[in-house]
Amino acid sequence: MTKRNTQQRRHAIAALVQERGEVSVDELTQRFATSEVTIRKDLALLETGGLLLRRYGGAVSLPSEMVSDADVEHVPKRKQAIARAAAERLRDHNRVIIDSGTTTSAMIPLLGNKRGLVVMTNSLNVAGQLRELENEPILLMTGGTWDPHSESFQGQMAEQALRSYDFDQLFIGADGIDLERGTTTFNELVGLSRVMAEVAREVIVMVESDKIGRRIPNLELPWQRIHTLVTDDGLSADARHQIETKGVTLICAPTPQDRRK
């Protein structure tokens, strides 16, 4: 099944639900000659996009009072641009770590055409999105102690799990970028992030440009640990220069212009 055919099938499912109000998984598997697992992934993705609601054995159309909310852009354009640029650096059969966070999770829907991935994460949200991909990767969870502040697993058990493997890449966000020190965070639990960086050959930080220059007390990753920084095109020339002098590969992803007046 090609990526294009997958998208066509999902568009057709969304249109069918909108037209009829309700469909079953059994009916969809017969109509599109595919498996129940594939159809359930389709429905999960369409529900995430606000196009329908899953129900036991199938899906129903959105109630009328929820339709206007479905048109709201859940992921800001800048995050989408950063996610696309980061996803382009990921190759088939890579072994990667994807940290918790809204920017890193925005990359997950773009990985459906990647094959043979092995992904470790400390985020239940990231894990859930990965399981919905057409080409579902081998999924590894860190385990550990649940931290409600970061909504992720942390602690020694998680660190031990990470050290049991080696990885090609780490994709990680940040609360802020200190142009002198590196990535910074409000969370005092920074040990796991540092272990993630230790076990990955390339550390890719994904962060919006308005977070660059923030001075937050807790240093997470020093510049020496960072190989690539992916941000949007709102970065100032001075900040670009300071980052490039650190020996970091800087990618400023172009943000699509909003055509609304």
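**View A. Thr-185 stands opposite Asn-218 of strand E13 in this close-up.** Strand E11 (residues 182-185) and E13 run antiparallel to each other here, joined over four bridges. What you're looking at is a predicted model, so local features need pLDDT of at least 70 and side-chain atom pairs count only at pLDDT 80 or more, while totals for chains, interfaces and linings use all residues. Residues are numbered from 1 along each chain as its sequence is written, and side-chain values use heavy atoms, with hydrogens and water left out. Strands, by the way, are DSSP runs of E with at least two residues, and helices are runs of H or I with at least four, both numbered from the N terminus. Two strands are called paired if DSSP finds at least two bridges between them.

**View B. Pull back a little and E11 turns up in an open sheet of three strands, ordered E10-E11-E13 with antiparallel pairing.** Strand E10 (176-178) and strand E13 (218-222) sit at the edges with a single partner strand each, so one side of each has no neighbour in the sheet. On average, neighbouring strands of this sheet are turned by 40° against each other, direction ignored. For angles, the axes are lines fitted to C-alpha atoms (for helices, over the stretch in contact), and values run from 0 to 180 degrees between N-to-C directions.

**View C. Strand E4 (residues 95-98) has parallel partners, one of them being strand E5 (residues 118-121), with four bridges between the two.** Look for Arg-95, which stands opposite Val-118 in E5. E4 also pairs in the parallel sense with strand E9 (residues 167-172), this time over three bridges. In that pairing, Ile-98 has Phe-171 of E9 as its bridge partner.

**View D. Another open sheet of three strands has the order E1-E3-E2, and its pairing is antiparallel.** Strand E1 (22-24) and strand E2 (53-55) are the edge strands, each pairing on one side only. Neighbouring strands in this sheet are turned by 25° against each other on average, again ignoring direction. Three bridges hold the antiparallel pairing of E1 with strand E3 (residues 58-60). Within it, Ser-24 stands opposite Gly-58 in E3.

**View E. Helix H2 (residues 25-32) lies across E1 and E3, at about 75° to E1.** Helix H3 (residues 36-48) packs on the sheet too, touching E2 and E3, and its direction makes about 140° with that of E2. Contact here means heavy atoms within 4.5 Å.

**View F. The domain assignment splits the protein into domain 1 (2-60) and domain 2 (77-253).** Those bounds come from an automatic or database domain assignment. The centres of the two domains, taken over C-alpha atoms, are 31 Å apart. Ten residues from domain 1 and six residues from domain 2 make up the contact. Interface size is often quoted as the accessible area lost when the parts come together. Between domain 1 and domain 2, the buried area is about 610 Å², with carbon and sulfur atoms giving 42% of it. That area is what two parts lose on being put together, worked out with a 1.4 Å probe and summed over both.

**View G. One salt bridge is counted between domain 1 and domain 2.** Lys-41 forms a salt bridge with Glu-136, and the closest N and O atoms are 2.9 Å apart. The cut-off is a side-chain nitrogen of Lys or Arg within 4 Å of a carboxyl oxygen of Asp or Glu. Two residue pairs, both at pLDDT 80 or more, are in polar contact between domain 1 and domain 2. A polar contact is a pair of N or O atoms within 3.5 Å; within protein, one must be able to donate a hydrogen and the other to accept it, and residues adjacent in sequence count only if both atoms are side-chain atoms. Helix H1 (3-20) and H3 each supply at least two residues of the side of domain 1 that touches domain 2. H3 gives the most to that side, with six residues.
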